[in-house]
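The following exercises ask the reader to work from coordinates to a description of fold, contacts and backbone geometry. Each task is followed by a solution in steps.

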Amino acid sequence: MIDDLEDLLKAAVVEVFGTMIGLQVQPEAPNTPLVSEGSSIAGAVGFIGKMTGVVYIYAPVPFAVRLTEKILGVSASEIDSDEMVNDSMGELANMVVGHLKSRLSDRGHSCVMTIPSIVRGTNFQIEPVSTTIRRVFSFRSLEHQLVVEIMLRPETQA
Amino acid sequence: MGRKILTVDDSKTIRMIVARAFKEYDIDMFEAQNGVEGLAVASREHPDLIILDYTMPIMDGYEMLTKLKSDPELKAIPVIMLTAEAGRENVLKIAKQGVRDYLIKPFKEDVIIERVSRIVDLKPKGESADKTKRYDDPLGILLVDDKPAIIEQIVAGLRDTPWKVDGVGSTGLAMDRCGRGIPDAVLISLSLPETGAFTLFQMLRAGAKTKSVPVFGLCVKTAAEDQARAQQVGFTGIITKPIDFEDVKIKITRALGLDTSYKYFTMKDGVLVLNLPPTFTPSVANDILLHLRNQVTSAVDSGLDKMVIDMSTVKTADITLIKLGLSSLQLCAELAIKSAMIGSDAVTNECKNYEETKDWRFVTSHAEALGVLGASAVAA
């Protein structure tokens with residue numbers, strides 16, 4: 001298990017959002033309560049290999065729309081479909097996982113990434129199997145909470 | 001026609017970001033969502049560059065690259081790999097496939113522009129369609145010299161032009177100015193501290209928007225080593241101190257390909273008039289000769305068959321004037337158009353002394369020239 005996984009993932013989120021969107025995302029203190037803002041979008045990207053897992057990045061829909069505006073340099077009125085928002089969230093998740101995967105690969109945990117997928121809904125929860133290691137971190141930006149969840153299969157089972 | 005760039009990425013977001021990065025450039029953008037589509041578009045469009053994602057459904061970037069490099073028609077197309085995976089293993093795998101460069105996501109727009117500009121000549125949109133700039137356009141000249149007296153001297157020396165000379169004292173300020181607007185030409189003192197001139201030159205050449213801007217080095221005539229180094233690294237030219245401002249204007253004019261023909265050629269009363277200015281120097285003569293054939297040919301094309309060569313303000317008939325006169329008359333004969341010459345008293349008298357010019361017949365006014373040509377003045 002990677003001891004500093006939390007740091008690696010937080011660094012990846014800060015780097016991706018800072019570079020691609022010019023947006024500062026502030027990690028929240030551990031155990032900060034997760035706030036429901038209604039309907040959310042989750043971008044998910046998995047990685048398979050010497051280390052196997054999946055990363056979800058959740059954003060409330062209004063926040064996801066703001067992120068899409070910023071990453072594409074368009075106004076809200078120019079976002080003409082959910083598809084644009086989905087794609088942006090998927091790409092952000094892809095870059096975060098790519099960043100994390102690069103650090104893991106350099107430490108010998110080589111793996112390949114999956115194509116991004118999107119989940120939309122309200123009050124949905126991921127229920128991992130009991131052997132899965134699960135970590136949840138939250139960030140704050142533009143008065144919204146961004147939640148990042150990573151689930152890892154223990155290395156012995158990989 | 002603009003250059004073509006093909007972006008192959010399953011993410012519309014990335015395709016839009018890449019397209020946005022190049023929207024200010026004269027680039028035709030093409031898109032594909034996976035390797036299969038990418039190969040099809042590459043075969044059809046033969047782009048100048050492919051920006052290729054690594055992880056895609058249907059056919060990933062690695063497979064597309066392999067197929068591209070095995071196709072004799074497509075293998076020469078340079079590829080920049082765009083990947084979210086920056087691990088050493090991945091980078092080595094990509095490098096072995098013969099990509100020209102790779103870019104790690106996340107990336108900033110200016111980074112992708114800079115990388116692409118190393119491979120494709122990026123021209124700002126509209127530049128290629130613009131009409132040729134004229135000498136009397138308000139050009140921006142960036143002057144970089146740490147000696148305020150030199151800046152003042154050059155500003156004063158170019159005051160008779162419509163050019164705006166912006167003097168700064170350091171390379172940092174120069175780059176700051178370039179960030180606010182691209183100058184038409186840059187003059188840099190080669191004696192800036194810590195070889196600053198050469199550092200600045202490299203920075204300008206590395207910038208997509210500044211790499212084509214003419215850059216001149218300023219130095220004293222005896223600074224042979226600096227001059228040689230500047231020429232070696234590719235400075236557009238050298239301007240030596242004490243500064244000959246006519247020489248500076250001509251060097252900038254030539255480097256920018258400025259149209260100066262309007263200074264010498266006009267249409268008046270249905271004839272083409274070549275006006276020689278009072279300060280008639282070898283440089284001016286060369287400038288006129290650059291335009292002479294085009295101007296006369298264009299006039300003939302548009303139906304004119306008469307030309308007046310007006311030397312009435314020229315003070316002496318030297319070899320430069322005589323050569324230009326001979327070239328002009330020879331061209332008129334070649335194109336079968338009638339010509340007449342207006343001369344000052346000095347020119348008229350001096351020309352009688354030379355074998356080549358003793359038969360030249362001068363008149364003293366435009367009206368007389370029209371009479372010789374069988375034309376008449378058009379009422380204003």
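**Exercise 1. A crossover in chain B**

Strand 1, helix 1 (residues 12-21) and strand 2 of chain B form a β-α-β unit that is right-handed. The model is a predicted one.

Task: determine in which sense strand 1 and strand 2 of chain B pair, and over how many bridges.

Solution.
Step 1. Locate the strands: strand 1 of chain B covers residues 3-8, and strand 2 of chain B covers residues 27-32.
Step 2. Examine their pairing, which is parallel and extends over 6 bridges.
Step 3. Identify a facing pair: Thr7(B) is opposite Glu31(B) of strand 2 of chain B.

**Exercise 2. An open sheet in chain B**

Task: establish the strand order of the open sheet of 5 strands in chain B, and name its edge strands.

Solution.
Step 1. Recall that strands of a sheet are paired through backbone hydrogen bonds, in either a parallel or an antiparallel manner.
Step 2. Read the order across the sheet, which is 7-6-8-9-10 in chain B, with parallel pairing.
Step 3. Find the strands that pair on one side only: these are strand 7 (164-168) and strand 10 (237-241) of chain B.
Step 4. Take the twist, which averages 25° from one strand to the next.
Step 5. Inspect one pairing within chain B: strand 6 (residues 140-144) runs parallel to strand 8 (residues 185-189), with 4 bridges between them. Here Ile141(B) faces Ala185(B) of strand 8 of chain B.
Step 6. Add the covering helix. Helix 8 (residues 196-206) of chain B lies across strand 6, strand 8 and strand 9 (215-220) of chain B, and its direction makes an angle of about 160° with strand 8 of chain B.

**Exercise 3. Chain A and its interior**

Task: describe the make-up of chain A, then decide whether Phe47(A) is buried or exposed.

Solution.
Step 1. Count the elements: chain A has 3 helices and 7 strands. Their succession from the N terminus is α-β-β-β-α-α-β-β-β-β.
Step 2. Consider burial over the chain: 39% of the 158 residues of chain A count as buried.
Step 3. Place Phe47(A) in strand 2 (residues 40-49) of chain A.
Step 4. Apply the cut-off for a buried residue, which is 20 or more other C-beta atoms within 10 Å. Phe47(A) is buried because 25 other C-beta atoms lie within 10 Å.
Step 5. List contacts beyond four places in sequence: those of Phe47(A) include Val97(A), Lys101(A) and Cys111(A). Phe47(A) and Thr114(A) are separated by 67 residues in sequence, yet their C-alpha atoms are 6.0 Å apart.
Step 6. Turn to the largest nonpolar core, which has 75 residues; Val55(A), Ala93(A) and Leu52(B) are among those with the most contacts inside it. Helix 3 of chain A gives the most to this core, namely 10 residues.
Step 7. Examine Val55(A): beyond four places in sequence, the residues in contact with Val55(A) include Ala44(A), Ala93(A), Val96(A) and Ile150(A).

**Exercise 4. The two chains together**

Task: state how many residues of chain A are in contact with chain B, and which helix of chain A gives the most to that side.

Solution.
Step 1. Count both sides: 22 residues of chain A are in contact with 20 residues of chain B.
Step 2. Rank the contributions: helix 3 of chain A gives the most to the side of chain A that touches chain B, with 12 residues.
Step 3. Sort that side of chain A by residue type, which gives 8 nonpolar, 9 polar and 5 charged residues.

**Exercise 5. Backbone exceptions in chain B**

Task: find where the cis peptide bonds to Pro106(B) and Pro242(B) lie, then examine the phi of Ile58(B) and Glu194(B).

Solution.
Step 1. Start from the expectation that most residues other than glycine have a negative phi and most peptide bonds are trans.
Step 2. Check omega: the bond from Lys105(B) to Pro106(B) is cis, with omega near 0°. Pro106(B) is in the loop between strand 5 (101-104) and helix 5 (109-117) of chain B.
Step 3. Repeat for the bond from Lys241(B) to Pro242(B), which is cis. Pro242(B) is in the loop between strand 10 and helix 10 (245-256) of chain B.
Step 4. Check phi: Ile58(B) has a positive value near 70°, and Glu194(B) has a positive value of about 55°.
Step 5. Compare their surroundings. Ile58(B) counts as partly exposed because it has 13 C-beta neighbours inside 10 Å, whereas Glu194(B) counts as exposed, with 8.

Key
Residues are numbered from 1 along each chain as its sequence is written. Chains are lettered from A and ligands numbered from 1 in the order in which they are written. This is a predicted model: local features need pLDDT of at least 70, side-chain atom pairs count only at pLDDT 80 or more; totals for chains, interfaces and linings use all residues. Two strands pair if DSSP finds at least two bridges between them. Helices (H or I, at least four residues) and strands (E, at least two) are DSSP runs, numbered from the N terminus. Axes are lines fitted to C-alpha atoms, for helices over the stretch in contact, and angles run from 0 to 180 degrees between N-to-C directions. Two residues are in contact if their C-beta atoms, placed from the backbone, lie within 7 Å. A crossover is right-handed if, with the strands pointing away from the viewer, the path from the first strand over the helix to the second runs clockwise. Ala, Val, Leu, Ile, Met, Phe, Trp, Tyr, Cys and Pro count as nonpolar, Asp, Glu, Lys and Arg as charged, and the others, Gly among them, as polar. A residue is buried if 20 or more other C-beta atoms lie within 10 Å of its own, exposed if 12 or fewer, and partly exposed in between; C-beta atoms are placed from the backbone. A nonpolar core is a set of buried Ala, Val, Leu, Ile, Met, Phe, Trp, Tyr and Cys residues joined through C-beta atoms within 7 Å.
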